[in-house]
Each structure stands twice: as structure tokens, then as C-alpha cells.
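Look at the fold below and keep the sequence at hand. We will walk through some charged pairs, then turn to the nonpolar interior.

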Amino acid sequence: MDTEREKILLAAVHATTFKPDYMTNDKLEAATRGHGALVIPVFAAANSLAEDIFCSVGIPEMHLMDRMTVVDASAAQLPLDMVIEKAVREAMRAGAEPANAALIVAALAYFSGSCARAGVPLGNRKLGAIARMHAGADRTSAIALTTNKFTHRVPSFPAYMAIYQNLMDKKLTSLDGAVLPPFVAGGGVMGHAALGEDYNIPELARNAARVGTEALMRSMEGAGTTPYPLWPALIGAAVTMELVHPDAMLGEAFGKFGEVDSAYLAGKGAMEAAKLPAKLHMRGTGEEYDTARVVGDFGLILKDIGGPSVIGSMATNEIFACFQESPIIGAGFSGGPVNVPLGHLAGDTVPALRLLLSHGGDVDATAEAIRDYKLQSFIDPELALCALNTISRKAEQVTRGSVSQACVLASESVRDRAIYRRAATVYEMMKAGKSIEDAARALDEERKATVEARGSAVLSAFTGKKIVFKFTEIAPQARRTDKFTAKYWGFDAKCSYDISIDGKTLHIDNLTAKVVPDYALKGKGRDNPDMGTAIFAGAVLIQEMQYIGNTILNITVPAAIAGAMGMDPAEAGKRAAKGAYLTNAIPGGKETATRVAKVAKMVYARLNEPFP
């Protein structure tokens, strides 16, 4: 047994994982107070919900799995009130302001099994309002809502404008209120009878949501961004549910009494306008959801939630990454296939909750299921699980529970293997006389080859075409000339590549500064039916390379090995960052690698000291 080798590898692995912040260039400590991202408040709320649903105290009244709902009860407080209040408190303690905390908790509670509404007139409870009131957020209308940020964000105003213009033009329903005799509208003769439930309410809900959704999608196009459908549908439904009787049940033509309400028809209209799939499927469990039901229920939630900020919308968008269809509905990035910055990685919280429910609270079984679906969902699943490990471990510094524990367990062995195999490779290379720069560069070249091969396969499956992709250049300064972007290529990526699409080969030279602007603004290449696919493929895979700041093992592991082998930590950090030219896409790698090398050097020295 090579004792020196094992001690160096042990020191390197320990140093690399010494704290979650050493795994990444993303600003994790800031995230513990909600600055710029709400991923940790989402974990905090999910942990709180899980612990209340699966309370370890054995007495029945403490077990809320079957009572996590809004009910028609004449009671001042429900079990759900206590659950929501505690989860909101945890989300706020982790940095979410009141309206954002309310939205996060309401969304997670909904997917944990809570219904969005209860329709008794006096004891009327709705999930969004419950969460808002416990958070202490101000009441406002859906006018405060905004889409998720897709380069830009679009507030809900276009949906209001379109719906209310159509309303004034009397285009949303065939019923003209001007012809009604007194005392028909406003009571049981209309609201709970044929005119309302069979004709007026279904038309108004469906048509208003359709008009509002379409207006938001056109507005996104007008802002120069892709009209991703999820948020226009959610906001279209929310604005509609401010207008339409929110607790109305519809006639038998729509289903049995109590099964189809106005929110469902609003969800249906929004879903159709946005061209969302009729069914959505939960990652990990495969559970099927009626899209119209989900969109309509979120319309009810959002109309009551208060005024969440754009990062509240972003956090909710990531919660919707719980669905297998997330890439096609414009939901969060954390469902894959691209690895993105850690601030987005909230998408595993809902599958973890659903898996815990299906496995009776068994964290180990839940962890295995999370690991399995993560391995199938990403271009680079190894780094996807490393990133999940980093953010869930950081979340546990704020709050612990079954959700974060399951995510840590799901990713721990993959993370350890990722570090160990890199450490062994670097050690062998350096013992053979290679430099630390050579070793770090070799790790980056290996990752690039993985992205090319697996990316080609993922894109082929997604497009239904045979795609073979090969980078010919990844470099800084596609069009800038300053010193900063010359050092960190991620801020102005010069990306060129060869791509074969069903046997037809294209060369793309300088994707971001030449090809994309020419295609979008001048129409260059639009006559080639393969050009859109070629640009799409390059955009996916260069971002997979570009966002590597979420996991910087190709910098820190070489530095750790070099530090354990005696190199000055500052020198090790500097040279590792220089060698890992692709991982060094944004600032921070050299400084973190220096700290890792210092820890590795200290650990190795202590391993060789005699025990007192």
C-alpha cells in the first residue's frame, strides 16, 4: 500500500469538501440571507413542511400527513395554519421577505397535498391568503405579479389591459349584463344556477384567461425574449380569478358537482393559449397532474399571495422544475439538462416531498430515487449531483430536515467519487512529472469531451434528429477588449463549433457575437432549415460549459493535491486556475483553490505527525 499516496488523496478529498463554499464560485454565504436568490429559503420551507408532515412524535394529533389541507371547517385555526405559519417563519429566517416567503410556502404546501381553496361563504379559506396572512405580507392584487426573469421580466399589466379591454367590449361572455332584470345577478338565481354555472362563469373564466395569457406571451416577444409559456399562463389565470367568482362550481356538462370549478376553467383557457401539455408528470414518482387544474389553482394562490418580487417568481419557477416537462413549459432550470448556478437549484424540493410521501417518510428510499432521476436528466449528471450536494449542505447550515437530508444522501457518493477520481488522476500525473497546469487542463478537456458526447445524445433525443457536436473554440472576448473579460471567458464567450444534423454539417463561427445577432436581427441563415437547430444546440452546450462556476473541482482538486505534495498554497491556487482554463470562467477559483490547498497541506502534515 502506497501510504504517501493514500494520505495525499485523503488530505485532498477532505480539503475539497471542508465546507460547501469550497465547492463553488457561487456566492453561497450571501444566499443564506436571500440575497439575489431564494433557493435556501425554499429548502428551509420544504424541510419545515416535511418535518410537520412526518412528525416523529407518535401521538396521532401531531401527525399531519392526512390533514395538510384547506377544509370547510368552522374553526378559528386548522392544522394547516400551524404548518404554514412555521414554514413561513423558517423561509423568512432564511432570508425571504414576507410575500416571497408566502409564495414559496403556498407552492410547496400545494404540491405536498394541500388544496388551493375551500368554498364555504363564512369560513372561506384559501391557501394563498393563509400563507400571506401568516407571513404578514400586504394584500395587493395580481397587478403586483411579474413573470420569471428570462433576460427580461414582464409584469402582469398586459394581461390586465387585454382582459379588461375585452371586458369593456363585451367579448368575453355571451351574457350581456345590461339585459338582466334586477336581483338576478349577485345571488343564487345566477351564481348557483344555470345562467351562471352553465353559461356565464365557464365562458368568462376560460376566455379571460386565454386573452390574458396571450397578451403576456406577445409582450414577452415584444421585449425580445422567447414567450416561455408557464408564467403567462399562471398570471393569466391569476388576473382572471380576481375577476371571476372564485368559488363557483360549474354545471353537470363540465363534470360532477364539486369537481369542476371556475379556477379549473381559467386554468384550461390559460393552458390552451400557452399550448401547455394537458398532463404534467412529477420527477421521481411519475405522478400525473392535470395541467389545467394546476394552473387554475395557482391562479387562486397568486391572486391572494401579496406582492412577491421577481426573485419570488424565479424561486416558484424552479419549484415547477419538479415536472419532467419543465424544459418545454418554460419552468425552472434546475430540472436539467443544463447545469446552472446554484441559486436556481430548488427544483428537487418538491420531488423530495412527493417521494417522502410515497415512501412513508423513508429518507433513504427517497434519496435513491432522487439520485436515479438526476442521473437521467442532465448532460453532466456527475456535476448535477455535486451541485445538489453543495446547495443542500449549505441549506443545512440554516435549517435541517428530511428534504435536505435526502438530497445530501442522494448526491454524497457521486460527489465523493467525482473528487476521488480527479484526485487520483492528478496525483498520478504529477508523480509522473506533469505540471499542475497539465493536470487541471486534462480534467477540463475530459469534461469538454463529456459535454460534447452526452450533449449530442441529449439533443438528438430532444429534437428527433441525429446530432453530433464538437467545439472548435471556447475562448474569451467574443466582442469585448477589456482586461477583465480577457481573464474570465464566461462573461463574453467566444464559441465556435462543428455540428452535424442528420448528416449535414455546419460550422458555426463565434456564436454569441456574430451568428446569433445576424440570425435574430438580420435574418441571416433563416433560409437554412437546420440553422435554428444548430444555434439551439450551441446555446445549450456553451451554457453547460459557461455555468461551471457552480462546481469548480477541476481547479480545487489539483490545488489540493499540489498543496498536500508540498507546493505553496498560493502558487497551487494560481497555477490550478490557470490550467483549468474552462472551469476558470468567472472570478473566485484561484482564491478558493488557495484556501483548499492550505487545508490540504495542513491535513497532510498532521497525518504524518506522531500521535501524542
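Start with Arg393 and Glu412, whose side chains form a salt bridge with N and O 2.7 Å apart. The model is predicted, so take this distance as a computed one. What does the pair tie together? Arg393 belongs to helix α16, residues 381-396, and Glu412 to helix α17. The two parts are 19 residues apart in sequence, so the bridge links one helix to another. Arg393 has a relative accessibility of 31%. That value lies between 20% and 50%, so Arg393 counts as partly exposed.

Why do such pairs form? Side chains of opposite charge can pair when their charged atoms come close.

Stay with helix α17 and find Arg421. Its side chain meets that of Glu446 in a salt bridge, 3.1 Å from N to O. Glu446 sits in helix α18, which covers residues 436-463. This pair therefore ties together parts 25 residues apart in sequence. Both partners are partly exposed: Glu446 has 36% relative accessibility, and Arg421 has 26%. The bridge is also part of a network. Salt bridges with shared partners join Glu382, Arg417, Arg421, Arg422 and Glu446.

Now look at Lys431, also in helix α17, which runs over residues 402-431. Which residue does Lys431 pair with? The partner is Glu4, and the closest N and O atoms are 3.5 Å apart. Glu4 lies in helix α1, residues 3-16. The pair thus ties together parts that are 427 residues apart in sequence. Lys431 is partly exposed, with a relative accessible area of 46%. Glu4 is partly exposed too, at 33%. Across the whole structure, a search finds 38 salt bridges.

Next, turn to the nonpolar residues. The largest nonpolar core has 152 residues. Which of them have the most contacts inside it? They are Leu108, Phe111 and Phe471. Helix α5, residues 98-112, gives the largest share of this core, with eleven residues.

Take Leu108 as an example. Set aside its neighbours within four places in sequence. Leu108 is then in contact with Val42, Ala45, Ala46 and Leu49. Its other contacts are Ile319, Thr349, Val350 and Leu353.

There is also a second, separate core. This one has 39 residues, among them Ile436, Ile555, Val557 and Ala576.

Technical notes: Residues are numbered from 1 along each chain as its sequence is written. This is a predicted model: local features need pLDDT of at least 70, side-chain atom pairs count only at pLDDT 80 or more; totals for chains, interfaces and linings use all residues. Side-chain values use heavy atoms; hydrogens and water are left out. A nonpolar core is a set of buried Ala, Val, Leu, Ile, Met, Phe, Trp, Tyr and Cys residues joined through side-chain atoms within 4.5 Å. Buried means under 20% relative accessible area, exposed over 50%, partly exposed in between (1.4 Å probe, protein chains only). Helices (H or I, at least four residues) and strands (E, at least two) are DSSP runs, numbered from the N terminus. Contact means heavy atoms within 4.5 Å. A salt bridge is a side-chain nitrogen of Lys or Arg within 4 Å of a carboxyl oxygen of Asp or Glu.
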